[in-house]
There are 2 protein chains.
Amino acid sequence: VTSPSSFPAEATVVAVPDLQRFVVDCLASSGVERDQGEIVAEALLASDLRGIDSHGVARLRRYVIGTRTGKIDPRRNIRVVRESPATALVDAGNGLGQPAARFAMELAMAKAETVGVGMVAVQHTNHFGIAGYYATLPLAKGLLGFATSNASPQVTPTHGAQPMFGTNPIGIGLPCGDGDDYVLDMSTSVVPRGKLERLRREGAAVEGHWAIDAEGNPITELDSLISGLIARSGLSILPLGGLGEANCGHKGFGLGLLVDLLCGPLTGSSWGRHVYGEKGADLGQWFAAVRVDCFRPLEEFQRDARQLLAEIRAAKKAPGQLRIYIPGEKEAEAEAQRSAAGIPLLPPVVADLEALGQEVGVPFESVLAGAGA
Amino acid sequence: VTSPSSFPAEATVVAVPDLQRFVVDCLASSGVERDQGEIVAEALLASDLRGIDSHGVARLRRYVIGTRTGKIDPRRNIRVVRESPATALVDAGNGLGQPAARFAMELAMAKAETVGVGMVAVQHTNHFGIAGYYATLPLAKGLLGFATSNASPQVTPTHGAQPMFGTNPIGIGLPCGDGDDYVLDMSTSVVPRGKLERLRREGAAVEGHWAIDAEGNPITELDSLISGLIARSGLSILPLGGLGEANCGHKGFGLGLLVDLLCGPLTGSSWGRHVYGEKGADLGQWFAAVRVDCFRPLEEFQRDARQLLAEIRAAKKAPGQLRIYIPGEKEAEAEAQRSAAGIPLLPPVVADLEALGQEVGVPFESVLAGAGA
């Protein structure tokens, strides 16, 4: 297979099944059962396939070392705490986030099939990867999907100058069909952490008001922004809409705080600045599935939805713009390309996975043996 | 009652019951039954009470003239089209938006009481006022509330230069209790139309990249922006996050388009640029209620939620800022003040209501007779 020209020249292109097996083997070395590891691998690879490199195997280390050191319980501790026809609360028991999230979404889907809607919250859980992965699980069954999670505190409230809650992502999928599913997968901050790291690799600059320091002054350098976030030195990412209320930063703040209220107080998990604190990650998450045909016959919805998307794409373009992308469209294109060609890993990611493999006794060389460039 | 100093000096302060009666009488002159008119009045007054003057009685004319000319059917045509334990689709039959919306939210609340969640969509309806009014209806019963609507096309997709969908508001309420309910009531555009009109009255200026003309150039004058929107001259408001992708305008675009997919294709109503087109308004709306105690005992949720809100308020402030407002807090303060002192109407609103009263034979003088200044 020839590497597509859109892949970075310095990337090593690896085969999906090889990478998948490496993930499962690494987790198995911590005592994670293979069926649980396969769920983690599928969620991570879904992110790499969709071109969201920041949330794919580049983050494998945290799950492997987490389960190895016991910060994350390697065992499957998932149990249903409370249940009604349309709802459930699930306790993840500080296990891996992905299997608990997958369990919760499948329970929500089963409830939706029965009564029209399923909403399932998860308490005491860990990082689940991208919200968009879970939001897309119900689509093949004609169900709308929704997923959200709180996250480590990095975002300031409007008029504040202190990180008080996370970039709190929201994922929503609609089954428009015919390869044109609508998938909105967004953090509620003005810029997600992963984008910052990508921009730094690309040598780009801060383009707007994205973050402030502990004194409330705008930060204009990517290096100091990223290192300050990592060091938790008191600087904050701004909510979607930016600084103050001029461009409605209070709306992004409202969305981020909403996610924290749903994931913290409403699940019984940690919230805001206590997330990744004394109790560990202790994240809360939230999943919903809704039957489209409870409202409209699926084929009628899909016909009209695709017509709406086609009209949006055909709108007049701004100067210098050739194309309007529907949410999820860039990711679907990446997925088609990478499913065929393999996943491009940048040199720092290859180095990190090689080192990780050595630490846990799972050689990464077997993945590289099948790699292109 | 003395007029609070925060009221504009030129305002006429009228009593809530007098204004309410005027609204019902005006609608009755079009053949709207009084119990339906009372729902419209309550929804409009809820907006005035919460300080959102753009969506209160300042908009009465459109409902009264609409029902008078038959653009809006003055009769109650509400019927349930399709139903499951957790869902329903309601046809408003081109009647007034407020009674259909209220019916839908009450149906959602009843379903939530039974199975944990209720989701009710409304097709073929009209403007319902503020989303926040409906989102707060479930709170007193310990239910989470959600409401959304599509709207007349005024917003461009990211990388576009054409108004393709509305400012598509979202309202979400959480019953945190003790006067501290969380109420997020936001348009998905970078600035709502109502704010533009308020800023013009205050003599303010455009503060950021809020809108572009039909050639894609930023508009910097409020006068040309507002008159262009009214004339539908091809200019567009930008989505939340602003121009392009630098500050994640594609997220606001994604949220606005999501609302349109839910309210148009998923209800069977008009979408995008067809709203307020050949079929009339033909709006779609969406309501949900969720039982908090299906996830956590209400008092535990409320204790933790209020603790989270208290921590947010106590965060370090940005330079020059004295206070962090929780979504809904400014509106709750306005409501407390206006419930006691009355509603301040600006001279253009008084003049419009006087003229409207004369047109339909309902004297506004009876309201002014009880007014302060």
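**Briefing: the interface of chain B and chain A**

B:Arg273 forms a salt bridge with A:Glu311, with 3.7 Å between the closest N and O atoms. The model is predicted. Between chain B and chain A the count is six salt bridges, and 36 residue pairs are in polar contact across the interface, with both residues at pLDDT 80 or more.

**Elements and composition on the chain B side**
- The elements of chain B that give two or more residues to the side touching chain A include the strands β3 (87-91), β4 (117-125), β6 (170-174), β7 (182-186) and β10 (283-291).
- The helices α8 (249-263) and α9 (298-313) of chain B also give two or more residues to that side.
- Nine residues come from α8(B), the largest share of the side of chain B that touches chain A.
- By residue class, this side of chain B divides into 53 nonpolar, 20 polar and 16 charged residues.

**Extent of the contact**
- Chain A and chain B each bring 89 residues to the contact.
- About 7,400 Å² is buried between chain B and chain A, and carbon and sulfur atoms give 69% of this area.
- Of the area that chain B buries against chain A, 11% is supplied by B:His159, B:Lys251 and B:Phe295, more than by any other three residues.

**Helix α6 of chain B**
- In helix α6 (residues 193-201) of chain B, the buried residues are B:Gly194, B:Lys195, B:Leu196 and B:Leu199.
- The cover over the buried residues of α6(B) includes α7 (222-230) of chain B.
- B:Gly203 follows α6(B) and has a positive phi, near 75°.

Terms used
Residues are numbered from 1 along each chain as its sequence is written. Chains are lettered from A and ligands numbered from 1 in the order in which they are written. This is a predicted model: local features need pLDDT of at least 70, side-chain atom pairs count only at pLDDT 80 or more; totals for chains, interfaces and linings use all residues. Side-chain values use heavy atoms; hydrogens and water are left out. Contact means heavy atoms within 4.5 Å. Buried area is the accessible area (1.4 Å probe) that two parts lose on being put together, summed over both. A salt bridge is a side-chain nitrogen of Lys or Arg within 4 Å of a carboxyl oxygen of Asp or Glu. A polar contact is a pair of N or O atoms within 3.5 Å; within protein, one must be able to donate a hydrogen and the other to accept it, and residues adjacent in sequence count only if both atoms are side-chain atoms. Helices (H or I, at least four residues) and strands (E, at least two) are DSSP runs, numbered from the N terminus. Ala, Val, Leu, Ile, Met, Phe, Trp, Tyr, Cys and Pro count as nonpolar, Asp, Glu, Lys and Arg as charged, and the others, Gly among them, as polar. Buried means under 20% relative accessible area, exposed over 50%, partly exposed in between (1.4 Å probe, protein chains only).
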